[in-house]
Amino acid sequence: MAVATAPRWGSGTATQDPVWPGNSLLGRLREITRQELIDIGTLVRYTADREVMEQDAKDTHVLLLLDGFVKVQVTDQRGNSALLAVRGPGDLVGEMTALDQEPRPATVVTCGDVVAKLITSGELMSFLHRRNDMFVELIGMINDRLQWANQRRRDFLSHPPAERVARVLAELVQTYGREEPHGWTLGIPLTKVELASIAGTKPRTAQKAFSDLRKAGVVVSHLRRDVLIPDLAALREFAGI
């Protein structure tokens with residue numbers, strides 16, 4: 001299975017030919033449209049654990065991720081937080097607020113260093129008017145994210161915690177993972193609780209879910225905020241995918 005390798009961005013340009021994940025916005029676009037989108041906006045860099053978008057804020061810009069990963073999370077009125085998704089190179093974040101001008105529905109936090117293009121809502125709307133194919137692919141991206149969220153809800157109804165975590169892991173590794181001599185690693189600094197949260201599993205259940213995955217032999221370790229998966233096919237079989 002081929003996994004896309006995102007470029008490393010130095011002084012505004014990539015040090016290798018970009019290969020974007022196929023399900024990311026940049027991976028969907030035609031070359032000419034993709035390059036035009038990358039050329040607009042302002043290049044920004046963020047350090048790890050930086051809150052780059054805040055839930056309920058009224059700013060309307062978007063971030064086009066060029067390198068690095070971010071976490072999308074929500075907090076309820078009692079202060080309980082849940083991780084909803086991870087976004088990586090080629091992804092657009094903040095698009096819903098840019099389109100509907102409503103307060104931001106979630107907070108976005110960096111996982112390690114991030115390089116992105118900050119694009120104002122005006123710049124985005126102007127680009128959508130110029131490039132119809134961008135509009136079509138943006139709608140497709142939003143639809144895929146809704147389908148992904150709906151799948152997590154269905155998983156919650158029909159799969160136990162360990163299987164739900166396995167399904168999330170398999171999808172993340174398929175999109176962002178790296179194949180190494182002893183298996184696959186996710187390469188995104190997420191804790192067990194954060195990974196389990198994406199799968200709709202509460203913190204107190206996360207430890208048992210990963211224990212079940214280790215006993216099944218589909219996850220070897222979770223050290224230094226990374227996951228080692230010795231056999232991706234076995235993980236997918238465990239997850240029922």
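Contact here means heavy atoms within 4.5 Å. In this predicted model, M96 touches Q101 and I142 when residues up to four places away in sequence are not counted. The points below begin with the surroundings of M96, then turn to helix α8 and its packing, and end with a small group of strands that includes β7.

**M96 and helix α3**

- M96 is found in helix α3, which comprises residues 95–100, and with a relative accessibility of 37% this residue counts as partly exposed, because that class lies between the buried limit of under 20% and the exposed limit of over 50%.
- Between M96 and F238 there are 35 Å in space, taken from C-alpha to C-alpha, and the two are 142 residues apart in sequence.

**Helix α8: length and faces**

- Helix α8 covers residues 203–215, and its 13 residues should span 18 Å at 1.5 Å a residue, which agrees with the 19 Å that separate its end C-alpha atoms.
- The buried residues of α8 are A206, A209, F210 and L213; seen down the helix axis, these buried residues fall within an arc of 95°, so they line one face of the helix.
- An α-helix has 3.6 residues a turn, so residues three or four places apart point the same way.
- On the other side of α8, the exposed residues are R204, K208 and K215.
- The residue G217 follows α8 and has a positive phi, near 80°.

**Packing of helix α8**

- The buried residues of α8 pack against three elements, namely α6 (161–176), α7 (192–198) and α9 (232–239).
- For the pair α6 and α8, the axes lie 8 Å apart and the packing angle is about 75°; the two helices are therefore roughly perpendicular to each other, since angles of 65 to 115 degrees fall in that class.
- On the α6 side, this contact is made by P161, A162, V165, A166 and L169, while α8 contributes T205, A209, F210, D212 and L213.
- Of these contacting residues of α8, A209, F210 and L213 are also among the buried residues of the helix.

**The sheet β7-β8-β9**

- An open sheet is formed by 3 strands in the order β7-β8-β9, and their pairing is antiparallel.
- Its edge strands are β7 (178–180) and β9 (228–229), each of which pairs on one side only.
- Strand β8, made up of residues 183–185, pairs with β7 in the antiparallel sense over 3 bridges, and within β8 the residue T185 stands opposite R178.

Notes. Residues are numbered from 1 along each chain as its sequence is written. This is a predicted model: local features need pLDDT of at least 70, side-chain atom pairs count only at pLDDT 80 or more; totals for chains, interfaces and linings use all residues. Side-chain values use heavy atoms; hydrogens and water are left out. Helices (H or I, at least four residues) and strands (E, at least two) are DSSP runs, numbered from the N terminus. The expected span of a helix is 1.5 Å times one less than its number of residues. Buried means under 20% relative accessible area, exposed over 50%, partly exposed in between (1.4 Å probe, protein chains only). The arc is that of the directions from the helix axis to the C-beta atoms. Two strands pair if DSSP finds at least two bridges between them. Axes are lines fitted to C-alpha atoms, for helices over the stretch in contact, and angles run from 0 to 180 degrees between N-to-C directions. Angles under 35 degrees count as roughly parallel, over 145 as roughly antiparallel, 65 to 115 as roughly perpendicular and the rest as oblique.
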